[in-house]
Amino acid sequence: MKTVNVSLNSIDKVKKFVNDINRFDCDFDLISGRYVIDAKSIMGIFSLDLSKPIELNVHADGDDLAEVMAVLERYIVE
């Protein structure tokens, strides 16, 4: 598992993010405060505060993780 912070501060960014991660079989969780939601759920994402970066847990390893991280690169913030 790998944890990164992502910025999803626009509707278009959320749509692209969900489309990108739905290509993978592994699980993704978004964590905002005490809420944990399935990152593949566009309705779940819109229930979060998108004005600040959100913690993303990627449940993958090895080559799968490397491929996922390459796709997620545009959303990751420090």
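1. Ser32 has Tyr35 of strand E3 as its bridge partner. The model is a predicted one, and the points below treat its sheet, its salt bridges and its surface patches in turn. Strand E2, residues 27–32, is joined to E3 by four bridges, and the two strands run antiparallel. Two residues lie between the strands of this hairpin, and Gly33 there adopts a positive phi near 65°.

2. The sheet as a whole is open and has five strands in the order E3-E2-E4-E1-E5, with antiparallel pairing. Its edges are strand E3 (35–38) and strand E5 (76–77), each of which pairs on one side only.

3. Pairing further into the sheet can be followed strand by strand. E2 pairs with E4 over five bridges in the antiparallel sense, and Ile31 has Glu55 of E4 as its bridge partner. Strand E4 (residues 54–59) is also joined to strand E1 (residues 2–6), again by five bridges and with antiparallel direction. Glu55 in E4 is the bridge partner of Asn5. Glu55 is thus a partner of Ile31 and of Asn5.

4. At the other edge, E1 and E5 are paired over two bridges, in the antiparallel sense. The partner of Val6 in E5 is Ile76.

5. How are the two faces of E2 divided between covered and uncovered residues? Phe28, Leu30 and Ser32 make up the covered face, whereas Asp27, Asp29 and Ile31 make up the uncovered one. Ser32, on the covered face, is the residue bridged to Tyr35; Ile31, on the uncovered face, is the residue bridged to Glu55.

6. Side chains of opposite charge can pair when their charged atoms come close. The count of salt bridges in this model is two. One of them is formed by the side chains of Asp20 and Arg74, at 3.9 Å from N to O. This pair links distant parts of the chain: Asp20 belongs to helix H1 (residues 11–21), while Arg74 is in the loop between H3 and E5, 54 residues apart.

7. Is each partner of this pair buried or exposed? Asp20 has a relative accessible area of 12% and is therefore buried, the limit for that class being under 20%. Arg74 has 58% and is therefore exposed, since that class begins over 50%.

8. The other salt bridge is between the side chains of Asp49 and Lys52, with an N to O distance of 3.8 Å. Asp49, at 37% relative accessibility, counts as partly exposed. Lys52 is likewise partly exposed, its relative accessible area being 46%.

9. A nonpolar patch on the surface consists of Ile11, Ile42, Met43 and Phe46, which together have about 400 Å² of accessible area. Helix H2 (residues 42–46) supplies the largest share of this patch, three residues. Phe46 is placed in helix H2. Because its relative accessible area is 36%, Phe46 is classed as partly exposed.

10. A negative surface patch is made up of Asp25, Asp61, Asp63, Asp64 and Glu67. Asp64 lies in helix H3, which covers residues 62–72. Asp64 has 48% relative accessibility and so counts as partly exposed. Membership of a patch requires over 30% relative accessible area, and Asp64 at 48% and Phe46 at 36% provide one example from each patch described here.

Methods:
Residues are numbered from 1 along each chain as its sequence is written. This is a predicted model: local features need pLDDT of at least 70, side-chain atom pairs count only at pLDDT 80 or more; totals for chains, interfaces and linings use all residues. Side-chain values use heavy atoms; hydrogens and water are left out. Patches are made of residues with over 30% relative accessible area and no salt bridge: like charges are joined within 9 Å, nonpolar side chains (Val, Leu, Ile, Met, Phe, Trp, Tyr) within 5 Å. Accessible areas come from the Shrake-Rupley method with a 1.4 Å probe; for residues, only the protein chains shown count as cover. A salt bridge is a side-chain nitrogen of Lys or Arg within 4 Å of a carboxyl oxygen of Asp or Glu. Lys and Arg count as positive and Asp and Glu as negative; His and the chain ends are not counted. The place of a charge is taken as NZ of Lys, CZ of Arg, CG of Asp or CD of Glu. Buried means under 20% relative accessible area, exposed over 50%, partly exposed in between (1.4 Å probe, protein chains only). Two strands pair if DSSP finds at least two bridges between them.
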